[in-house]
Every structure is written in structure tokens, then in C-alpha cells.
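Please open the structure in your viewer and keep the sequence panel beside it, since each stop of this tour begins with a selection.

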Amino acid sequence: MKRTQCGTVSADQVGERVALRGWVHRRRDHGGVMFLDVRDRSGRVQVVVRPEEHADVSQALEGVRHEWVLAVEGVVARRAPEAINPQLRTGDIEVVADSARILAASEPLPFGIDGGGDASDETRLRHRFLDLRGQELQGNLALRHRVTMESMKFFDEHEFLNIETPMLTRSTPEGARDYLVPSRVHQGSFYALPQSPQLFKQILMVSGFERYVQIARCFRDEDLRADRQPEFTQIDVEMSFIDEEDVFSLIEGLFERLFPLVGIEPSTPFPRMAYDHAMRRYGSDRPDLRFGLEIEDLTEVWSSSTFRVFESVLSTGGVIRAVRVPGGAGASRKQVDKWADVVRLYGAQGVLTLKHRDGGVEFQVKDVLEPGQIEQAAQQLELEEGDLALVVAASESVAAASLGALRLKIAEELELIDESRHEFVWITDFPLVEWNSDESRWEALHHPFTSPLEEHLEKLDSDPGSVRARAYDVVLNGLELGGGSIRIHRQDVQNRVLGLLGIDLEEAEERFGFLLRALRFGAPPHGGIALGFDRLIMLMAGASSLRDVIAFPKTASASCLMTEAPSGVSADQLQDLGIRVARRPTIVGRDDGEGDRDGEGGRDDSAGTGSESPTSE
């Protein structure tokens with residue numbers, strides 16, 4: 001008989017004979033009658049085995065246990081009203097078996113399907129093939145498939161070409177390390193696995209393809225982190241003859257197409273927010289807009305204070321900023337110390353308090369502020385009776401980072417975050433470069449091929465720190481979904497930017513020569529974006545970790561516990577490659593699956609986020 005999928009059997013088939021193939025999800029024996037829940041990818045259905053009617057079937061299935069694979073044929077029947085299971089799609093029917101055979105037995109499981117119980121992450125990753133049988137992971141990967149198909153359909157409708165770029169390419173290390181692949185034919189030389197298709201997609205624009213898209217696999221050999229995957233996927237997009245608004249409109253249209261798949265209806269157009277505003281008001285370039293608690297700048301209000309802490313900070317160009325804690329005036333000293341610990345993680349010395357209680361406002365340190373200064377600050381912070389403000393005096397970058405983290409902490413503790421909301425925002429006008437004080441040089445905030453604003457070109461030499469880039473990120477609920485930029489298409493501007501970064505013409509030719517040569521032969525204005533596909537699916541699925549939306553993830557130490565990769569290779573293989581291992585490396589992470597399930601839920605962005613540079617955007 002032609003196979004019927006377990007989860008599709010319905011009451012419309014009552015009286016019909018069906019053939020099922022699947023795993024035993026559960027077995028129950030009642031008064032000599034055996035009940036089996038048989039499962040395949042489509043779902044589960046109850047199979048009834050009655051010895052008095054089919055003794056041969058009962059005998060054939062006598063030893064059946066969980067996760068054995070069966071072939072069962074039988075007649076669809078209605079369940080008795082009291083036996084109906086409304087939680088199951090097939091809960092109103094059952095299949096009365098009249099033929100069965102065992103296709104494969106299973107050893108006892110190390111953990112239960114659809115619920116690992118007390119199984120460690122290490123055990124689950126080592127037996128990933130079992131974890132993947134669970135309903136949640138199967139649903140997540142099915143969603144990933146649907147999003148992939150819908151995305152490519154969307155881009156096809158918008159006249160994009162799906163073009164593959166090389167997986168074996170040239171190493172252009174800067175920031176994250178490349179994964180290197182030795183060449184057997186060219187001994188002593190190495191390919192690199194791509195950290196992104198950035199250079200190739202720009203060349204495709206020079207080649208006249210105008211609209212490119214790819215579901216691209218990317219690789220980064222980064223330091224051990226619990227929230228990163230060494231290989232990840234991104235939706236990579238590039239277009240010619242466009243500006244920022246064209247990119248925004250395209251991606252908003254894509255999200256209008258994708259997010260309804262999980263019941264989310266984005267409101268477009270998404271708001272635009274300049275980088276400086278985001279950092280000043282939210283302390284982050286990926287702000288969570290589902291709640292208020294915006295950071296207030298009290299620098300001007302308290303600039304004339306004689307308080308030594310404030311004087312010291314302001315004399316070095318620092319700032320005084322604060323965040324409000326609704327109803328926090330009664331917080332204990334212990335609680336305030338915990339909040340102070342949050343800001344210390346980001347370099348601040350601690351917090352000072354401003355309380356509104358008993359009809360008045362008081363600052364933690366007595367007699368260092370004028371009453372008018374206290375009242376003015378309270379008005380700016382919109383302090384109400386019972387509220388508390390936590391004040392940080394530090395450099396602008398430290399104040400932003402520390403209060404940004406504190407703002408989130410307070411919102412979580414006070415349960416101010418509405419999980420049902422989905423707040424998208426475009427962050428724009430990033431700095432083109434940032435100063436690396438350790439190396440005393442300018443570095444690209446995104447990548448060396450990001451275009452500065454046209455009106456800022458004259459400041460590249462005189463005031464590079466003030467130059468703004470034509471770069472943008474798309475953010476959802478405080479998590480970056482992807483980033484991109486309008487590229488430099490003029491050779492003279494590209495040379496100036498590379499020179500600013502300390503990359504002379506000789507080094508530029510060595511590292512990026514193939515792109516620079518292409519720019520000399522008529523490059524169109526172009527730009528694009530990379531969306532972190534893994535993170536996108538994680539958010540759509542409501543998963544807590546990237547692992548839950550990747551079929552075969554790595555651990556924090558970039559090892560695969562299921563296949564035990566990376567592994568050693570034979571001496572003959574090394575000899576063919578012309579490689580000698582100086583010492584036998586120790587593979588870290590054979591049992592390090594623990595503590596790595598938080599995935600991308602933290603504040604750090606990396607794998608799973610769109611990345612467009614040869615290294616990192």
C-alpha cells in the first residue's frame with residue numbers, strides 16, 4: 001500500500017485501510033490491548049493492537065519499545081467519545097492494526113524524545129540525531145525551510161539573481177581569524193573559508209548583475225564564546241544604482257512577507273534612528289524599544305556643581321547621565337549595590353542615587369548640589385513620588401554602555417518588557433571610523449568599503465572621527481538582525497579611506513587587489529545588506545538559542561560532539577599537504593556542552609547576525 005503519513009490520518013478516512021511507517025513514540029498496555037503512538041515527521045497517530053482479532057500482529061509487536069521503527073497497516077476507526085484527545089491533531093481517530101512488522105529496533109535512549117529531562121547538553125549534542133527527532137527542533141527546522149523558500153521567492157519576484165560565490169577564497173584577515181584550508185597542489189599556500197561574500201558581491205555589481213542574493217554560508221575562527229557559532233548562515237544582498245531607502249524598503253517588504261509565517265505583523269515603515277541618538281538615549285546601537293526608561297543627560301544641569309566626582313569627570317570631557325527606576329525609592333542598599341555592580345562591568349565606578357520620596361527629592365551626597373539643580377534634574381527625569389534615579393558620571397562611551405546595560409536590567413527586574421511587542425528600528429549614520437588607542441590608529445567601524453556621507457568627504461583628513469558612514473543596521477527588540485551599507489564605488493575615495501586606516505597602496509593591492517582593480521573599470525553606485533539567518537529564525541521560532549534552529553551546531557569551543565570534529569588526520573594526509581604538526585593539539589570541548597544553551601540571547605552580536613566585511617560588519 002501507498003504510505004499514509006501518521007499526522008495526516010483524519011476522520012474522513014474512517015473505514016479506510018492505511019499504511020503507516022514511523023517510530024514508536026509511546027506504548028501502553030491495557031487489559032491485553034496494546035496502544036502505540038506511532039510518529040513520523042507529520043505528527044502522531046494512535047495504533048490499536050487487539051490480540052483476540054489479530055494474534056499475529058500482537059506477537060510480532062510483543063517486544064516493541066520506544067523509538068523502534070515499525071510498518072503498520074490497519075483500518076481507521078473513530079475513538080470512543082471519552083477517549084478523544086483534543087491535544088492531538090489525530091486525537092479523534094485511531095488505526096486498528098491488522099498487519100505489522102518491525103523495521104528497526106532501538107537501544108534504550110539516553111534521554112526522552114520531546115524532553116531531555118536531566119540529560120546534559122553534552123549528552124544531547126553527542127546524540128544530536130535523537131534530539132532532532134523532537135517536535136520542537138523539527139518544527140524549528142521546518143520553519144527554517146519555509147523562511148528560506150519564501151525569501152528566495154520574494155527576491156525572485158524582485159528580479160534578484162541567486163549567485164553562488166566561492167567557498168575557497170583568499171585570506172584577508174582583520175579582526176576575526178580565517179579558517180584556513182591547505183592546498184595540496186600549491187603546497188605552502190592556503191585557501192580561506194569566507195567570513196562573508198562581501199568582496200565577491202561587490203565585484204558582481206561591477207560585472208553588471210545589478211541585483212544579487214545568496215543564502216550564504218560563512219565561517220569565523222573566533223575565540224571561545226558561548227554565544228557564537230563558527231559557521232553560520234546569512235541572507236546576503238547587493239544592488240546597484242540604489243540608495244539607503246531602497247535597501248530599507250526592500251528589507252521591510254521581506255519582513256512583511258516572512259514574519260506573518262509565525263503570526264507577527266510588522267508595522268512599516270520602520271522608524272529610523274541615528275547612531276548618536278541611540279547611544280545617548282538607550283546606551284546601545286541596538287536599542288530595545290519595547291519599554292521606556294530612556295537615559296537622560298544631566299551634564300548641563302549639574303555642570304556648575306562643586307562635587308569633586310562631577311568636576312573630575314567633566315574636566316576630562318566626561319558626562320553625567322541617569323536612568324529612572326519607577327517605584328525604586330524604597331530599594332535597599334543591597335539592591336542599589338547590585339545595580340552598581342552592573343555598571344562596574346562596563347567601566348563605571350558605580351552609581352549615585354536621586355530619590356523622590358516624602359514629597360521631596362534628595363541626592364545621595366548631601367550639600368553638593370543646589371536645591372534648584374536637584375529639582376531641575378528631577379523634572380528632566382520625570383521623577384514621581386516613590387521613584388529613584390541612578391546616576392553615572394564617566395566618559396561618554398562608558399556612561400552609554402553601563403547605563404544601557406542597567407536600563408535593560410531594570411526593565412527585566414520590574415517586568416516592563418512586553419514580550420508580545422515586536423519593535424523594529426533602523427539605526428543609521430554610524431561613525432565611519434573609530435580610534436584604536438592600543439594601536440594608535442583609526443579602524444573601520446564596519447569595513448573599509450563603506451562609503452562616507454558625500455558631504456563629509458572633506459573631513460576625512462582633518463576630522464575623521466566626525467565623519468559619518470552610509471551604514472545601517474536593522475534591529476528587532478534589542479537584537480541586531482543584520483547590517484549593511486552603501487559602498488565606495490570611486491577609486492579615489494577608496495584609496496583615501498584605506499590610507500586613513502593605515503593601509504598603503506602596496507598592502508591594499510596585496511589584500512584587496514582584485515576588488516580595487518575592478519573599481520578601475522566603471523563601478524556603479526551600489527550597496528546592500530546581510531541578514532543573520534540563524535538569528536532571524538531563532539527570533540521567529542521563539543527559541544532561546546541558536547542551537548535550536550541549526551541542525552548540527554558546534555559547542556562554544558567550535559567542536560562537534562556528535563562527529564568528534566575537529567580531529568587528527570593521518571601522517572599520509574599531512575605529507576600530501578606538505579604540513580608538519582609541531583605539537584599535537586589538544587581538542588578543547590569534548591565535554592563542554594554545558595552552559596552553552598543561552599545562544600544568541602545575550603547582548604553580544606556575532607554569528608547569526610548579518611556580516612558583510614571580509615572580517616566583520
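The tour below goes from the two sheets to the helix packing, and then to some individual residues in loops.

**The barrel**

Before selecting anything, keep in mind that this is a predicted model. Begin with strands 1 to 5, which make a closed barrel of five strands in the order 1-2-3-5-4, with mixed pairing. Neighbouring strands of this barrel are turned against each other by 55 degrees on average, direction ignored. Within the barrel, select residues 33–40, which are strand 2, together with residues 43–49, which are strand 3, and you will find the two paired in the antiparallel sense over seven bridges. To see one of the paired positions, show Asp37, whose bridge partner in strand 3 is Gln46. As a general guide while you look at the backbone, strands of a sheet pair through backbone hydrogen bonds, either parallel or antiparallel.

**The open sheet**

Next, select strands 12 to 16, which form an open sheet of five strands with the order 12-13-16-14-15 and antiparallel pairing. Which strands are the edge strands here? They are strand 12, at residues 296–297, and strand 15, at residues 360–363, each of which pairs on one side only.

Stay at the strand 15 edge and add strand 14, residues 352–357, which pairs with strand 15 in the antiparallel sense over four bridges. Two positions are worth labelling on this pair: Leu354 stands opposite Phe363 of strand 15, while Lys355 has Glu362 of strand 15 as its bridge partner. When you display these side chains, it may help to recall that in a regular strand the side chains alternate between the two faces of the sheet. Strand 14 and strand 15 form a hairpin with two residues between them, and Asp358, which lies in the turn, has a positive phi of about 55 degrees.

**Helix 11, on the sheet and against helix 9**

Now select residues 396–413, which are helix 11, and see how this helix lies across strand 13 (319–325) and strand 16 (388–394), running at about 5 degrees to strand 13. Add helix 9, residues 333–344, whose axis comes within 8 Å of that of helix 11, the two crossing at roughly 140 degrees. Angles over 145 degrees would count as roughly antiparallel, so helix 9 is described as oblique to helix 11. The crossing of these two helices is right-handed. To display the contact, show Gln335, Trp339, Val342 and Val343 of helix 9, and then Ser402, Ala405, Leu406, Lys409, Ile410 and Glu413 of helix 11. By class, this contact of helix 9 with helix 11 has six nonpolar, two polar and two charged residues.

**Helix 4 against helix 6**

For another helix pair, select residues 135–157, helix 4, and residues 244–258, helix 6, which pack at an angle of about 140 degrees with their axes 10 Å apart. Helix 4 and helix 6 are therefore oblique to each other, and their crossing is right-handed. On the helix 4 side, the residues to show are Val147, Glu150, Ser151, Lys153, Phe154, Phe155 and Glu157, and these meet Leu250, Gly253, Leu254, Arg257 and Leu258 in helix 6. Coloured by class, the contact of helix 4 with helix 6 has six nonpolar, two polar and four charged residues.

**Stops in the loops**

From helix 6, follow the chain into the loop that leads to strand 11 (272–274), where Pro269 has its place. The peptide bond joining Thr268 and Pro269 is cis, with omega of about -5 degrees. Another cis peptide bond runs from Ala565 to Pro566, with omega near 0 degrees, and Pro566 is in the loop between helix 14 (533–541) and helix 15 (571–577).

Then go to Glu67, in the loop between helix 1 (55–60) and strand 4 (69–78). The phi of Glu67 is near 70 degrees, a positive value in a residue other than glycine.

Finish at Ser466, in the loop between strand 19 (441–444) and strand 20 (471–476). Which side chains does the side chain of Ser466 join by a polar contact? One is that of Lys459, at 3.3 Å, and another is that of Asp463, at 2.8 Å. If neighbours within four places in sequence are left aside, Ser466 is in contact with His456 and Lys459.

Technical notes
Residues are numbered from 1 along each chain as its sequence is written. This is a predicted model: local features need pLDDT of at least 70, side-chain atom pairs count only at pLDDT 80 or more; totals for chains, interfaces and linings use all residues. Side-chain values use heavy atoms; hydrogens and water are left out. Two strands pair if DSSP finds at least two bridges between them. Contact means heavy atoms within 4.5 Å. Axes are lines fitted to C-alpha atoms, for helices over the stretch in contact, and angles run from 0 to 180 degrees between N-to-C directions. A polar contact is a pair of N or O atoms within 3.5 Å; within protein, one must be able to donate a hydrogen and the other to accept it, and residues adjacent in sequence count only if both atoms are side-chain atoms. Angles under 35 degrees count as roughly parallel, over 145 as roughly antiparallel, 65 to 115 as roughly perpendicular and the rest as oblique. A crossing is left-handed if the near helix is turned anticlockwise from the far one by less than a right angle, and right-handed if clockwise. Ala, Val, Leu, Ile, Met, Phe, Trp, Tyr, Cys and Pro count as nonpolar, Asp, Glu, Lys and Arg as charged, and the others, Gly among them, as polar.
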